[in-house]
Amino acid sequence: MSDTPFGFGLPPEEPEDGDEGKKKDQQSGGGQGPANPFGFGGLPGAGGFGGPGADNPLAAMFGSLNPSDLGAAFQQLGQMLSYEGGPVNWDMAKQIARQTVAQGAPNGTKDASVGPSERRAVEEAVRLADLWLDDATSLPSGSASAVAWSRAEWVEATLPAWRELVDPVAERVGAAMGDVLPEEMQAMAGPLIGMMRSMGGAMFGTQIGQAVGVLAGEVVGSTDIGLPLGPARKAALLPANVEAFGKDLGVPQEEVRLYLALREAAHQRLFAHVPWLRSHLFGAVDGYARGIKVDTAKLEDVVGQFDPQNPEQLQDALQQGMFQPEDTPEQKAALARLETALALVEGWVDAVVHAAAKPRLGSADALRETLRRRRASGGPAEQTFATLIGLELRPRRLRDASRLWASLTDARGVDGRDGLWAHPDMLPTATDLDDPDGFVHREHLDFSELDKMLGEAAGGDHGKPDLRKKDDDETEGDDTE
């Protein structure tokens, strides 16, 4: 992930005419380096246009402004930040994400167009993966097509989903940008506070663009974070990232591609044939994000005390985060719901893919553990959520969920396990993830009691089941009744 998740600066670019170009760019106020992130130039009340505070619009606005200059400053910002949409400037996010992708991934690899041979390899891997999954799950194929994306194509295809995920918390940050003003200034600013929120939209667009751009250099498909980020029923792999992922594993590239295709195809089956799942997951993210409290004290402190001679101070302070989850029963429940939902999806995929790959791929165990460690060591999923919505997923939930699905497979078979996806109320809870075997056992007892009650209601004494004592093994064999 980016080292400056809340940094405001665009990636610096060298001018074509060298040092002379740099001087000219600085004089014109059009620089895009960290000192002048949006090319605002000077602001009134900050030493005039091009004065001492000109390179830092936030410090200029809050550090040396007096109330009489506030309206003029906001008007200047309004002209320079013409965006009037929602809480995030998604045009800016897209532009910065594409720029980040063009610079190359942290591992040094560059983005490139996908060639015909790579597309065929992905299509064949997904096709074979679907055949193997037929034996491991009762859910039919969910992939109407298989595509090979470049990193830039991944950015384009997933931005609509990022918008749905990020807008709720961005709304809260945008409101906080207005609330950070002293009360007397808020009274004077009136409707001009909207311009301040537009600035928040630009800041969030920059942050999201950087995060998504870096993530594009790490993900191997459209479902790496357990959410359906791409178009429905379209299994996608990124050949460049698949190659980088398997480079030092000592595993044939074909096996790496096939194993990752199994994971992508398994996700597609789940999201295609569990119609309520997508809205359930996105609703859980939204519910948690809306309960987050923005640390306005930190935001006000950072903005109000910013030192123009030390621009790294702003990035360092904001990198520490400005989200404070409310310690309320409702917010705790929202967090548990979100963590559990994501863990159940990832755990099911892990269990199903292992069942499909283990008999066929000698590297199945090694690849499974590599992917688990990638997530547990703070992979792209955890860091992206922590940056964008103030949430860091708990990796232990994924292993717990995988064990639970494996126990259900042993107890009920594939059909009985997958049948739990029929309704969200049938799925295990956060407490059940702590005791997978207990969940399986309790569910069997519950079904037995339900059968007994139905039998009594239907036939009276004649409809009662045999009162002979059944042991646990006999009870588990009665699931199919």
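This report walks through the overall make-up, the salt bridges and one helix of the protein above.

The model is a predicted one. The protein has 20 helices and 4 strands, and 51% of its 481 residues count as buried. Among contacts with a separation of 6 or more, 78% join residues 24 or more positions apart. The accessible surface is about 22200 Å², with 49% of that area belonging to carbon and sulfur atoms.

Now to the charged pairs. Side chains of opposite charge can pair when their charged atoms come close. The structure holds 18 salt bridges, including these:

| Salt bridge | Closest N to O distance |
|---|---|
| Arg 269 and Asp 134 | 2.8 Å |
| Asp 167 and Arg 163 | 3.8 Å |
| Asp 418 and Arg 417 | 2.7 Å |

Arg 269 forms a salt bridge with Asp 134. Arg 269 sits in helix H10 and Asp 134 in the loop between helix H5 and strand S1, so this pair ties together parts 135 residues apart in sequence. Arg 269 is buried at 1% relative accessible area, whereas Asp 134 is partly exposed at 43%.

Asp 167 and Arg 163 are both in helix H6, 4 residues apart, which is about one helical turn. Here Asp 167 is buried at 16% and Arg 163 is partly exposed at 41%.

In the third pair, Asp 418 is buried at 4%, and Arg 417 is buried at 2%. Elsewhere, Arg 397, Asp 400, Arg 403 and Asp 434 are linked in a network of salt bridges.

Finally, take helix H11, residues 277–290. At 1.5 Å a residue, its 14 residues should span 20 Å, and the end C-alpha atoms are indeed 20 Å apart. Buried residues in H11 include Leu 277, Phe 282, Val 285 and Tyr 288.

Terms used
Residues are numbered from 1 along each chain as its sequence is written. This is a predicted model: local features need pLDDT of at least 70, side-chain atom pairs count only at pLDDT 80 or more; totals for chains, interfaces and linings use all residues. Side-chain values use heavy atoms; hydrogens and water are left out. Helices (H or I, at least four residues) and strands (E, at least two) are DSSP runs, numbered from the N terminus. The expected span of a helix is 1.5 Å times one less than its number of residues. Buried means under 20% relative accessible area, exposed over 50%, partly exposed in between (1.4 Å probe, protein chains only). Contact means heavy atoms within 4.5 Å. Accessible areas come from the Shrake-Rupley method with a 1.4 Å probe; for residues, only the protein chains shown count as cover. A salt bridge is a side-chain nitrogen of Lys or Arg within 4 Å of a carboxyl oxygen of Asp or Glu.
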